[in-house]
Amino acid sequence: MKKMRLGLMTVALLSGCSTDPETLQSANDTYQKSDVSLPSFTPLASGGVNLPKQDATYELPNINLQKGANVDIRPPSTPLAIIKDSLTQFDGERALIVYSDKQASLYNLQQIQRLLKEENINSTINGEILTTDWHNTGRVDDKANTEIQYQVEQVSARDASALAVSIKQMRRDGIIFTPSVAEKQRYTSSRLNRFVSELTNAYHAQQQDLNNAAVGPFQSGLITDTNGRTALGMNASFEQAWVKLASALPKVGFDIKSETIGRGQRELKYSPLDKEDWLRLGVNEPEIEKGTYFMQISAIGKQSAVVITDEENKALSGEQAQGIYQALSTLLAQ
């Protein structure tokens, strides 16, 4: 008998854990069976006794109720303020998050396009708007063949930036339909939260890699990058190159003023060194004007390259590039 009861309990438990989308969207409450008629009653047999007549004041009407549409019981999603000091909102059409402009180097359309590509979802960027191709919603509680197209907009104003996710189109079994406000909130909010959380996690992982990166010596040399500019090619990963250059650049006159690790960029301030300092590095003093410069690292696997440009985005070339990059190469090999 105990085994039979245990079997019945197991069947009941498994039936409650169904993965059928219809089951996940609808409640199994008795109130939804409203198409069942109200009960009717027949008079009692009097047995020859005169009974008082029934008062119709409180008599229930014998009518048939129409069953309404199924209620979607899935809880609504809301945009989460995952970014530090950020604000979120759903305005009826879009889920958006507002954050400081300093964080725009991490949370931007290019980074989102990279995330989508990792999910095998193609997208195009036109100005400040990213549009995805049709793709499955990826939710287990959706009906089969439910597809969606998102639009992601990046807005900048004063010292703040914002990302806004909206639904461009939805379709089921190839038929386009207009989502309700609740559906718009559910899909846009969950997608925005996913974008922001994945970018945040990737940033923290990158910071951890930088902290754990080996900063030993590595080889480097002059190369020409894909844009035809003179660059310093390095036999090192992005993390290794980023950490090592932070200590090497000041030794050749470039103080670091600001940096954006998400884009591999640093703003530099150049002040010429003494002639003796250049001789100790094994190069002649390059003729570079004092002022602001920028550094950009690009990497593929365990190989990376760095390019230094001036305020007009012109890369160092000729004797300037040769002197600076050779001096850096000497320091990176130490």
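Below is a short chat about the sheet, its helices and some ring contacts in this predicted model.

Colleague: Hi! In what order do the strands of the six-stranded open sheet run?

Modeller: Happy to help. The order is S9-S10-S14-S13-S12-S11, and the pairing is antiparallel.

Colleague: And which strands stand at the edges?

Modeller: Those are S9 (220-224) and S11 (254-260). Each has a single partner strand, so one side of each is left without a neighbour in the sheet. From one strand to the next, the twist averages 30 degrees.

Colleague: Over how many bridges do S13 and S14 pair?

Modeller: Eight, with S13 covering residues 291-300 and S14 covering residues 303-310. Phe294 stands opposite Thr309 in S14.

Colleague: What about helices, which strands does H5 lie across?

Modeller: Helix H5 (residues 238-248) lies across S10, S11, S12, S13 and S14, at about 155 degrees to S13. Helix H7 (residues 318-332) packs on the sheet too, touching S9, S10, S11 and S14. The direction of H7 makes about 10 degrees with that of S10.

Colleague: Switching to aromatics, how many pairs are there?

Modeller: Five aromatic pairs. In one of them, the rings of Phe238 and Trp242 have centres 5.7 Å apart and planes at 25 degrees; under 30 degrees counts as stacked, so this pair is stacked.

Colleague: Are Phe238 and Trp242 buried or exposed?

Modeller: Both are buried. They lie in helix H5, four residues apart, which is about one turn of the helix. Elsewhere, ring pairs link Phe254, Tyr270 and Tyr293 into a cluster.

Colleague: Nice. Which ring does Arg171 lie over?

Modeller: That is Trp134, with Arg171 at 4.1 Å from the ring centre. The charged end of Arg139 sits over the ring of Tyr187, 5.8 Å from its centre.

Terms used: Residues numbered from 1 in each chain as written. Predicted model: local features only at pLDDT ≥ 70, side-chain atom pairs only at ≥ 80, totals over all residues. Heavy atoms only, no water. Pairing = 2+ DSSP bridges. Helix = DSSP H or I, 4+ residues; strand = E, 2+ residues; numbered from the N terminus. Axes fitted to C-alpha atoms, helices over the stretch in contact; angles between N-to-C directions. Contact = heavy atoms within 4.5 Å. Phe/Tyr/Trp six-rings, centres within 6.5 Å; stacked < 30°, edge-to-face > 60°. Buried < 20%, exposed > 50% of the residue type's maximum accessible area, 1.4 Å probe, protein only. Lys NZ or Arg CZ within 6 Å of the ring centre and 35° of its normal.
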